[in-house]
Each structure stands twice: as C-alpha cells, then as structure tokens.
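Thanks for coming. I will go through one model this morning, starting from a single residue and working outwards.

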Amino acid sequence: MATVAERVIAVTAQVLKVTPEEVKAEHSFTTDLGAESVQSIELVAMFEEEFGIEMDEDAALAVETVGGAVEFIANVCKEQGVDVEQ
Amino acid sequence: MSKAVKRHPLVDAKRPNLLEDTFPYTLPPLIRLEGPAIEYIDGEPVEFDFSAVEDRDIVITDTTFRDGQQSRPPYTIDQMVHIYDLLSRISGPNGVVRQTEFFLYTKNDRETLDKCRELGHTYPECTGWIRAVKGDFRLVKEANLQETGMLTSCSDYHIFHKLKFRSRKECMDSYCEVVDAAFEAGVRPRCHLEDVTRADIEGFVLPFVDRLMEMSRQVPDELAAKVRLCDTMGFGISYPGAQLPRSIPKLIYKLNQECGVPSSRLEWHGHNDFHKVHVNGATAWLYGCDAVNTTVFGFGERTGNPPLEAAIFEYIALKGDLCGIDTMGITELANYMRSIGLPIPDNFPFAGRAFNTTRAGIHAGGLRQDERIYNIFDTEKLLGRPPRVAITDKSGADGVAHWVNEFFGLKGDDRINKIKVHKLARWVIDQYDVEGRLTAISDQELEEKAKEFFPDLWQKHKGGP
C-alpha cells in the first residue's frame with residue numbers, strides 16, 4: 001500500500017498536471033507548483049476522496065506545502081480512524 | 001510637512017464593535033443626527049434642528065399617475081388601480097405615503113379615480129391636478145376631491161416665455177384669481193411653484209406666497225393653500241452655502257419662516273437631471289418641508305422624480321422604525337412594473353434584479369462568512385430578496401458556493417462549503433479559460449449544472465429529477 005506522502009504526491013500531480021517527480025515535500029502548492037485558486041479547492045476535494053476523510057475547509061486551505069499536506073492529512077486520518085501507511 | 005494637532009490612540013478590542021445601534025441590520029442603517037446645522041441666510045447664521053424630524057409628521061406623497069405617467073405611454077385603468085392598491089399596502093395604516101394625485105381630464109382619468117377610491121383605502125388620499133384655469137375646478141368638484149394641485153409657474157422663463165404674461169403682476173393676479181376660485185369651490189389649492197429653483201425669489205416667489213398666505217388666512221384651515229416647490233429642471237442644491245434660487249435650505253427657510261407657510265403645507269417636488277433627486281428630497285424634509293413628492297422607481301418626466309422606495313427607506317432610517325410600512329410591497333410593485341413592460345435597471349437600488357448581487361469572488365467570500373459584510377440590511381426580511389452572487393470568471397469558488405446554497409435554500413449547518421462545489425467551480429472557470437466565454441453565466445445554465453453535480457440536493461430540495 002502506498003504511503004500518505006506517495007498518495008499526496010500522486011493526487012497533486014494529477015490535479016496540477018505535473019509529473020510526480022516534479023513534486024517535492026518542500027514545494028509550495030501555489031508559488032512552486034502554480035496552483036490557482038480553483039485548483040486549491042480541487043486538491044482538497046481530491047485528497048478527501050483519495051483518503052475517505054472530511055477536512056475542515058479553512059484549515060485545509062491554509063496548508064501551504066506538500067509536506068504540510070502530508071502531515072495534515074495523516075493527522076486527520078488518525079482523528080477520523082482511517083488506516084493509512086505512514 | 002503638516003503637523004498633527006490631535007493624537008488618536010488605538011482602542012484595542014478582542015471582540016468586534018459592529019455599531020449595531022446605527023446598523024441594526026433588521027432595519028436600514030439609521031440616520032443619527034446631531035445638530036444644529038447652520039446656514040447663513042441674508043448674512044446671518046440660522047440654526048436648523050434636524051433631529052426634530054423624528055417627531056415631525058413628515059410624509060411621502062406620490063405623483064406616479066401624473067408626472068410619472070408623463071414619461072411613458074398611459075397606464076390602463078386596471079394597471080393604475082393595481083399600483084394604487086400596492087401603494088396603499090406600502091403606505092401602511094399611518095399613511096406614510098399620504099397622497100397621490102390624478103389627472104381629471106378624460107373619462108378614463110375619472111374612472112380610474114373612482115375605481116381606486118372604491119378600494120376603500122384611507123391612504124394614499126386621492127388629490128387632483130389641473131391647469132391654473134378657473135373652469136377646471138368644476139372637474140375637481142365633480143370628482144368630489146378635497147384638494148388639487150394647480151400650476152403656478154414662477155420663473156420668468158415660464159411667466160414671460162411660456163405663459164406670455166406681459167408682467168409679473170398680471171401673472172400673479174391671474175394665479176390668485178384661480179386660487180380664489182378654488183376657495184369658492186371649497187377645494188384646497190396646492191400651488192405648484194414650477195421652476196422655483198430658477199426663479200426670482202425675492203422679486204416674485206416670496207411676494208406671491210405672501211399673498212397666498214394672506215388669502216389663506218381668510219378661509220378655514222382645511223382650505224388654506226399648500227405650496228409645492230417644484231425643482232422642475234433639477235437645479236436644486238442641498239448643501240449649505242449655496243445661493244438662491246438654487247439653495248434648498250434657503251428656499252424652505254424663506255417660505256417657512258418669512259412667509260409663514262407651515263411645514264405641513266410645504267412639499268418638495270424634484271427632478272433628477274443632475275443626479276441629485278433623492279438627496280434633495282431628503283434635504284427638504286430636514287430643513288422644514290413635511291412632504292416629499294415621489295414616483296415609484298423614479299419614473300417621471302425626462303430623468304425622473306425622487307424614487308418612492310428610496311424615500312421609504314430614508315423615512316425608516318430617519319424615524320428609526322418601520323412605522324407600519326410594508327416594505328415587501330416594494331418588491332411586489334417592482335415585479336408588477338416589470339410584468340407590464342416598465343424596465344427597471346438591474347442595478348437600481350432596492351428594486352433592480354441585481355441590486356444586492358455581487359460579482360466579485362472576494363465579496364462572495366465575505367457574504368458566505370457573514371452576509372452583513374456585503375449586504376446593506378436584511379434584504380430578505382424587508383424585501384424578500386436575499387443577497388446573491390452572479391457567476392463570472394471573477395466569482396471564485398466562494399461565489400459558486402454562495403449561489404448553490406441560495407439556490408437550494410440551504411441554511412445553517414446544511415450549507416455546503418466551497419470544497420463541495422469544486423466540480424461546478426471548475427466548469428465555471430473552464431467556460432472562460434477554455435471556451436473563451438465573455439458573458440456572465442445565467443441562472444438557467446447554473447441550474448442545469450446544479451442538477452448534474454448535486455443530484456442528492458436536487459432530489460431533496462427541487463422535488464425530484
């Protein structure tokens with residue numbers, strides 16, 4: 001089973017139309033990967049779908065980097081009892 | 001470099017101060033007055049106590065069927081009766097919309113008046129409008145009206161160039177003969193000082209009004225002449241310091257305090273040629289004129305008259321209370337006027353289709369968090385019109401989420417966030433970025449997409465597939 005980080009990178013690459021290799025943990029979704037406003041919304045929606053979780057809208061949209069998203073999603077999964085590979 | 005003369009320390013707060021005494025939201029923002037206002041008249045300072053307006057019997061009068069009708073093809077009798085019925089509903093039991101005036105010249109005019117009166121409403125009271133011709137009082141008497149407006153034009157443009165009088169005295173004598181005829185007929189004359197903001201105030205207007213007041217002292221109070229100040233070309237100026245004849249404060253002061261026309265017999269009638277029409281009317285109220293003459297949605301000769309609905313909200317803001325007014329009638333009246341082919345501009349305050357619609361995503365974001373941020377007052381409660389967003393490329397997911405919540409009527413915890421509308425937000429963006437669209441997206445288009453993207457909500461709130 002893929003790790004949280006691998007799954008976050010895969011979703012990010014798909015939504016932002018880049019290759020997984022171009023996505024690094026320290027990358028900012030907006031300044032480095034070029035996410036526009038609606039793509040930020042799509043990213044959150046796709047993360048929810050991928051992990052089967054519900055995220056707080058404001059908190060999720062406040063996450064700036066890929067690594068931050070991995071950490072945030074792992075915590076939400078834990079809170080909501082969703083098993084994931086670390 | 002300029003030197004600061006007073007320091008203003010920050011008053012830190014952990015809780016917002018929303019100034020709800022002035023912005024109660026359940027009412028339009030209140031107009032809180034502190035005085036006195038000072039106007040220099042004939043070189044002397046004169047104080048005006050604006051706050052007295054709270055206790056004065058200020059009223060709105062209506063000329064939708066007279067001036068309002070001069071700007072368009074005639075209404076049918078049924079249309080006028082329906083409009084009158086709605087005016088009465090808006091007016092409420094206290095008669096805030098106190099009077100409306102009717103032509104009396106044709107069979108249709110008279111039939112309309114009869115049918116309006118058959119409705120049995122106390123307000124608005126029906127009055128007439130005639131030329132300054134003695135014979136026309138027969139029409140007023142036959143219609144059993146207590147009051148009629150009559151043209152008493154007072155600028156030299158009208159006296160000499162339009163009416164062709166040979167002198168001001170001949171003109172004044174002629175007007176006074178007609179006023180006498182009104183008294184004899186037992187009808188209260190309401191003298192319309194046409195073009196007063198372009199008249200010689202000291203040379204004609206004040207002497208004429210002096211004479212009117214002298215004549216009025218010879219008749220019972222209920223017949224005493226009223227005076228309507230007609231800003232025929234929209235030349236009136238509201239702010240202090242303006243000179244006569246354009247100064248509204250000075251005009252009202254002279255008639256009220258020098259000629260002795262009581263406030264209850266003074267009325268302001270404006271035109272919007274310089275975009276000043278509503279403020280000029282409100283100014284007239286403050287300076288001592290009890291009645292402001294209006295038309296629904298400002299329909300009137302050329303650029304129109306003070307919009308009645310604007311005067312309604314000004315009235316509520318000044319009084320701090322609805323005073324029995326049914327503001328929902330304004331929306332019904334707007335819908336009715338549109339249905340009979342009278343266009344109201346989309347951005348027209350209180351009544352246009354888009355008066356409380358935002359197109360900016362950042363405003364939509366504010367609306368979604370707390371509608372008070374970008375809505376003037378509780379427009380749903382007072383007008384049946386919740387704030388809306390129009391969807392364009394600038395709307396953002398916030399705008400789309402607001403539209404979806406309003407469309408499905410979702411309240412409180414049922415409202416969905418912008419994450420849940422991402423498919424519709426993407427479709428909107430692609431309309432512009434991919435399809436090259438240049439127009440706003442209509443509600444019909446959005447409804448189709450809402451049905452596609454939110455089948456569960458559609459099933460629950462729109463009654464099936």
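Is B:Thr122 buried or exposed? This is a predicted model, so please take what follows as read off a prediction. B:Thr122 has 10 other C-beta atoms within 10 Å, and because exposed here requires 12 or fewer, B:Thr122 is exposed. Look for B:Thr122 in the loop of chain B between α2 (107-118) and β5 (125-130). If you want a sense of distance, take B:Ser2: B:Thr122 and B:Ser2 are 120 residues apart in sequence, and their C-alpha atoms are 61 Å apart in space.

Now the opposite case, B:Phe208. B:Phe208 sits in helix α6 of chain B, which covers residues 201-216. With 23 other C-beta atoms within 10 Å, B:Phe208 is buried, since the cut-off for buried is 20 or more. Which residues does B:Phe208 touch, once its neighbours within four places in sequence are left aside? They are B:Cys154, B:Met172 and B:Tyr175. As for B:Cys176, the C-alpha distance to B:Phe208 is 8.6 Å, with the two positions 32 residues apart in sequence numbering.

Next, chain B as a whole. Chain B contains 16 helices and twelve strands. The C-alpha trace of chain B spans about 75 × 70 × 40 Å along its principal axes. Of the 465 residues in chain B, 43% are buried. If we take the contacts in chain B with a separation of 6 or more, 69% of them join residues 24 or more positions apart.

The domain assignment splits chain B into domain 1, residues 37-339, and domain 2, residues 357-461. How far apart do the C-alpha centres of domain 1 and domain 2 of chain B lie? The figure is 44 Å. Between the two domains of chain B, four residues of domain 1 are in contact with four residues of domain 2. On the domain 1 side of that contact in chain B, there are two nonpolar and two polar residues, and no charged ones.

On to helix packing, and I will stay with α6 of chain B for a moment. The axes of α6(B) and helix α7 of chain B, residues 248-258, come within 10 Å of each other and cross at roughly 40 degrees. Angles under 35 degrees would count as roughly parallel, so at this angle α6(B) and α7(B) are oblique to each other. The crossing of α6(B) and α7(B) is right-handed. From α6(B) the contact uses B:Ile201, B:Leu206 and B:Val209, and these meet B:Leu251, B:Lys254, B:Leu255 and B:Glu258 in α7(B). By class, the contact of α6(B) with α7(B) has five nonpolar and two charged residues, with no polar ones.

A second pair in chain B is helix α13, residues 396-408, with helix α14, residues 422-433. Their axes come within 9 Å and cross at roughly 120 degrees. That angle makes α13(B) oblique to α14(B), and α13(B) passes α14(B) in a right-handed crossing. B:Ala397, B:Val400 and B:Val404 in α13(B) meet B:His422, B:Leu424, B:Ala425 and B:Val428 in α14(B). The contact of α13(B) with α14(B) divides into six nonpolar residues, one polar residue and no charged residues.

Helix α14 of chain B also takes us to the other chain. What is the extent of the contact between chain A and chain B? Eight residues of chain A are in contact with nine residues of chain B. Seven residues, the largest share of the chain A side, come from helix α2 of chain A, residues 37-51. The chain A side that touches chain B consists of four nonpolar, one polar and three charged residues.

At this interface, the axes of α2(A) and α14(B) come within 10 Å and cross at roughly 150 degrees. Why call the pair roughly antiparallel? Over 145 degrees counts as roughly antiparallel, so α2(A) and α14(B) fall in that class. The crossing of α2(A) and α14(B) is left-handed. A:Val38, A:Ile41, A:Glu42 and A:Ala45 in α2(A) meet B:His422, B:Ala425, B:Arg426 and B:Ile429 in α14(B). By class, the contact of α2(A) with α14(B) has five nonpolar, one polar and two charged residues.

One last point on α14(B): B:His422 and B:Ala425 are listed among its contacts with α13(B), and B:His422 and B:Ala425 also appear in its contact with α2(A).

Note on methods: Residues are numbered from 1 along each chain as its sequence is written. Chains are lettered from A and ligands numbered from 1 in the order in which they are written. This is a predicted model: local features need pLDDT of at least 70, side-chain atom pairs count only at pLDDT 80 or more; totals for chains, interfaces and linings use all residues. Domain bounds come from an automatic or database domain assignment. Two residues are in contact if their C-beta atoms, placed from the backbone, lie within 7 Å. Ala, Val, Leu, Ile, Met, Phe, Trp, Tyr, Cys and Pro count as nonpolar, Asp, Glu, Lys and Arg as charged, and the others, Gly among them, as polar. Helices (H or I, at least four residues) and strands (E, at least two) are DSSP runs, numbered from the N terminus. Axes are lines fitted to C-alpha atoms, for helices over the stretch in contact, and angles run from 0 to 180 degrees between N-to-C directions. Angles under 35 degrees count as roughly parallel, over 145 as roughly antiparallel, 65 to 115 as roughly perpendicular and the rest as oblique. A crossing is left-handed if the near helix is turned anticlockwise from the far one by less than a right angle, and right-handed if clockwise.
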